[in-house]
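Q: I am new to this structure. Please take me through the words used to describe it, and show what lies behind each one.

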Amino acid sequence: MPNEHTDRTRRITVQRQGPLLVEGPVEVELEDGTVVSSDRFRVALCTCRRSGRYPWCDTSHRRKAKNSG
């Protein structure tokens, strides 16, 4: 499936202090060129880089938010 074109528009939902929610299935190319994929109908992509499952969000951003306020 890498580089396979689709005509279907994907919706990405931006959350202020959370992950990017992306309609799936998706493939994500990491900085080192590694490609990871998910066939779920929606995935949460980490934007804070605290996730132990990066690039997938594991809600690690919530711990910081609770401690800072």
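Q: Why is cysteine 57 called buried?
A: Its relative accessible area is 15%. Buried means under 20%, exposed means over 50%, and partly exposed is in between (1.4 Å probe, protein chains only). So cysteine 57 counts as buried.

Q: What kind of model is this, and how are its residues numbered?
A: It is a predicted model, in which local features need pLDDT of at least 70 and side-chain atom pairs count only at pLDDT 80 or more, while totals for chains, interfaces and linings use all residues. Residues are numbered from 1 along each chain as its sequence is written, and side-chain values use heavy atoms, with hydrogens and water left out.

Q: Why is cysteine 57 not counted in a disulfide?
A: A disulfide here is a pair of cysteine sulfur atoms within 2.5 Å. The closest cysteine sulfur to that of cysteine 57 belongs to cysteine 46, 5.8 Å away. That is too far for a bond, so the pair does not qualify.

Q: How many disulfides does the structure hold?
A: It holds zero. Cysteine 46 is in none: its nearest cysteine sulfur, in cysteine 48, is 3.8 Å away.

Q: Is cysteine 46 buried or exposed?
A: Cysteine 46 has 11% relative accessibility, so it counts as buried.

Q: What makes serine 51 buried?
A: Serine 51 has a relative accessible area of 10%, so it is buried. Its place is in the loop between β5 and α1. Strands such as β5 are DSSP runs of E with at least two residues, helices such as α1 are runs of H or I with at least four, and both are numbered from the N terminus.

Q: Which residues does serine 51 contact, leaving aside its neighbours within four places in sequence?
A: They are Cys46, Trp56, Cys57, Asp58 and Ser60. Contact means heavy atoms within 4.5 Å.

Q: What makes the link from serine 51 to arginine 53 a polar contact?
A: The term needs a pair of N or O atoms within 3.5 Å; within protein, one must be able to donate a hydrogen and the other to accept it, and residues adjacent in sequence count only if both atoms are side-chain atoms. The side chain of serine 51 reaches the backbone nitrogen of arginine 53 at 3.0 Å. A polar atom of that side chain also lies 3.4 Å from the backbone nitrogen of tyrosine 54.

Q: What else stands out in the loop between β5 and α1?
A: Proline 55 lies in this loop, and a cis peptide bond joins tyrosine 54 to proline 55, with omega about 15°. Arginine 49 lies there too; its phi is positive, near 65°, in a residue other than glycine. Threonine 59 is also in the loop and has a positive phi of about 70°.

Q: Why is threonine 59 called partly exposed?
A: Its relative accessible area is 30%, which places it in the partly exposed class.

Q: Where is the cis bond of proline 25?
A: The cis peptide bond joins glycine 24 and proline 25, with omega about -5°. Proline 25 is in the loop between β2 (20-23) and β3.

Q: Which residues make up the largest nonpolar core?
A: The six are Val22, Val26, Val28, Val43, Leu45 and Trp56. β3 and β5 (42-45) each supply at least two of them. A nonpolar core is a set of buried Ala, Val, Leu, Ile, Met, Phe, Trp, Tyr and Cys residues joined through side-chain atoms within 4.5 Å.

Q: How do you know that valine 26 is buried?
A: Valine 26 has a relative accessible area of 12%, so it is buried. It sits in strand β3 (residues 26-29). Not counting residues up to four places away in sequence, valine 26 touches Val36, Ser37, Ser38, Val43 and Trp56.

Q: Which way do the side chains of β5 point?
A: They alternate. Val43 and Leu45 point to one face and are buried, while Arg42 and Ala44 point to the other and are not.

Q: What makes β2 and β5 a pair?
A: Two strands pair if DSSP finds at least two bridges between them. β2 and β5 have four, in the antiparallel sense. Valine 22 has valine 43 in β5 as its bridge partner.

Q: Why is leucine 20 of β2 called partly exposed?
A: Its relative accessible area is 27%, so leucine 20 is partly exposed.
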